[in-house]
Amino acid sequence: MSSQYSTPIGLIFVFNLIIGPGALTLPAVVQQSGWFLSSIFIATMAFLSYVTFTFVIEAITITNSIIQLRKLERMKSVTRALKSCNDMMPQVSSINYDRISDASTDSFNSGDEAPIFDNPALPTSSSLMDFPPESVKLLSLDNRIEMGEMVNVLLPPLARIMFFFSISGYLFGDLSIYYKAIGQSLVDFTCNQNVTTANNWDLCWENTSFTRHEIYLGYLMLYIIIIAPFTFFNAQKTKYLQIVGFSMRVIAIITMVILATMRLISPTQEHGNTPAVNFNAVPQLIGASIYAFMCHHSIPSVISPIKKKTKILLKVAANFLFVYILYMFLCMTGVFAFPKVDELYTINFTPSQDTGLFYRLIDSILVLFPVLTISISFPVITITLRNNIQVMFLSNDSHWIWRRIVIPLFSLITPVLLAAFVSGLEDLVSFVAVFAGTGIQYVTPALLIIAARAEIPQQVAAIKNDHCSPFKSKYWAPGILIWSVICVGILTNYLISKAFQ
């Protein structure tokens, strides 16, 4: 993404980062927790996610100013050394003149041997020493500064270790959720059992001995074989691929909303009965909501290439609002249209034999929606996980086998093992959210903004930052950290209680 693109393309990137498989797990959680509680809670989580988004943006500008000023200080240090050498030049010339008295002045001042500071094409030391830092330009988003670099500049070593484990854990869990969604979608699409009553050990097809779980594992292995070659090379998202992904997501969500609405207004169809509030399902709601608004790990890569960043935070806020509205339409139509919403919502649209050809075609596309959209970004996430593992565990002089063979295979195979043995997609989403999502979405941005505001250089402290977070109060970041502890505590207690049941 080194080339620049327009603001709408950048917002499409953000949209695609937010809406992933997590969006398809929300309707089932909303049906359990209640429509009123869910609507308020998801709105709150969307708002908090936007708050930490603005924290990352402001931290990028401050970190950029720190890095650029450090470079200027190094330039000035070199200039001082060169200036002192220049001041000593007459003495050196006098000594050399005594030693080589027979040398002519013309040969000493020839073009090949002219002193460097007499060259009019080069700036003098005084001009470099007097060069003022341009503070306004230092507070910029133009330079791409990844979250890992910000952590290295602003936070202590322990925080760096925690960050790299969090982002790798998130990418690892994200791939596992992708595997789970892909395998489950393919099984429900191809097997002829009723998905509302079938379990993993039912036969996939009549007159065969293959169970649904065995076919599920087979699809996972097949997908690994297809996607494996990309893990050993470098891949990059293109804006055209993102436009296709954006179109597919919006069309699929609108289609699911329309089909659910048609089912809802049909008097012959059985409908859902969702309570307004059910606090027992809050842990699942927390995990699904955190995962549904995760995009912070790629903010620098997405925002920096945008050409015109005027009022970018306001435009991103509109993007978050648009995502929330889509989520609400998707969830509210689904929970009232279906008696039971599957943990992967697209499975509710699995075509049956008694539906018409046109609707069977639409339902088939919806069931395969996770496979189509996930496959667009799957190789990039795999490569990102590979690179993070290399940064954490491999030295620069490590053997090529580790970099080219072992680590790529580890990044590809280990997430599928988790997907193979974790039975529920909701549990997997909660697990990823509690141990990685809170670190990337809440803890890291809050720590970055606290450190950045404390370390802001004096040269730029008085300059207006056009990309400053609107949440300037000193209580916002500690409040986010407290909320992170609450989320981790609730989700951890839920996962432990469920494991012992």
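A residue is called buried here when its relative accessible area is under 20%, and Phe 320, with a relative accessible area of 4%, is therefore buried. The structure is a predicted model, and the protein in it has 501 residues, of which 49% count as buried. Its secondary structure consists of 19 helices and zero strands. The points below go from the whole protein to its cores, its ring pairs, its cysteines and a few single residues.

**Overall picture**

- The accessible surface of the protein comes to about 24700 Å², and 64% of that surface belongs to carbon and sulfur atoms.
- When contacts between residues at least 6 apart in sequence are considered, 86% of them join residues that are at least 24 apart.
- Helix 11, which covers residues 282-292, is mostly covered, since 11 of its 11 residues are buried.
- The buried residues of helix 11 include Val 282 and Pro 283, the polar residues aside, as well as Leu 285, Ile 286, Tyr 291 and Ala 292.

**Nonpolar cores**

- The largest nonpolar core has 139 residues, and those with the most contacts inside it are Phe 53, Tyr 179, Phe 293, Ile 303 and Tyr 327.
- Helix 3, spanning residues 35-99, gives the most to this core, with 17 residues.
- A second core, separate from the one just described, is made of five residues, among them Leu 69, Leu 72, Leu 139 and Val 460.
- Once its neighbours within four places in sequence are left aside, Tyr 327 is in contact with Ile 18, Ile 19, Ala 23, Leu 26, Ala 292 and Phe 293.

**Aromatic pairs**

- The structure holds 19 aromatic pairs, and one of them is formed by Tyr 50 and Phe 320, which meet edge-to-face at 5.8 Å centre to centre with 65 degrees between the planes.
- This pair links distant parts of the chain, because Tyr 50 is in helix 3 while Phe 320 is in helix 13 (residues 312-337), and the two are 270 residues apart.- Tyr 50 is itself buried, with a relative accessible area of 11%.
- A further pair is formed by Tyr 179 and Tyr 223, whose ring centres are 6.4 Å apart and whose planes stand at 85 degrees, so the pair is edge-to-face.
- Tyr 179 lies in helix 8 (residues 157-190) and Tyr 223 in helix 9, so this pair ties together parts that are 44 residues apart in sequence.
- Both of these tyrosines, Tyr 179 and Tyr 223, are buried.
- Ring pairs also link Phe 47, Tyr 50, Phe 53, Phe 293, Phe 320, Tyr 327, Phe 471 and Trp 476 into a cluster.

**Cysteines**

- The count of disulfides comes to one, and this disulfide joins Cys 191 to Cys 204 with an S to S distance of 1.8 Å.
- The torsion about the S-S bond of Cys 191 and Cys 204 is about -95 degrees, so the disulfide is left-handed.
- Cys 191 and Cys 204 are 13 residues apart, and each is placed in the loop between helix 8 and helix 9.
- Cys 191 is buried, and Cys 204 is buried as well.
- Two other cysteines are also buried: Cys 295 has a relative accessible area of 1%, and Cys 487 has a relative accessibility of 0%.

**Arg 212 and Ile 62**

- Arg 212 has its place in helix 9, which covers residues 212-231, and at 7% relative accessibility Arg 212 counts as buried.
- The side chain of Arg 212 is joined to the side chain of Asp 188 by a polar contact of 2.4 Å.
- Ile 62 has its place in helix 3, and its relative accessibility of 1% means that Ile 62 counts as buried.
- Leaving aside its neighbours within four places in sequence, Ile 62 is in contact with Leu 139, Ala 452, Arg 453 and Ile 456.
- The C-alpha atoms of Ile 62 and Ser 140 are separated by 8.2 Å, although these residues are 78 residues apart along the chain.

Conventions: Residues numbered from 1 in each chain as written. Predicted model: local features only at pLDDT ≥ 70, side-chain atom pairs only at ≥ 80, totals over all residues. Heavy atoms only, no water. Helix = DSSP H or I, 4+ residues; strand = E, 2+ residues; numbered from the N terminus. Buried < 20%, exposed > 50% of the residue type's maximum accessible area, 1.4 Å probe, protein only. Polar contact = N/O pair within 3.5 Å; in protein donor to acceptor, adjacent residues only side chain to side chain. Core = buried A, V, L, I, M, F, W, Y, C linked by side-chain atoms within 4.5 Å. Contact = heavy atoms within 4.5 Å. Areas by Shrake-Rupley, 256 points an atom, 1.4 Å probe, with all protein chains shown as cover. Phe/Tyr/Trp six-rings, centres within 6.5 Å; stacked < 30°, edge-to-face > 60°. Disulfide = S-S within 2.5 Å.
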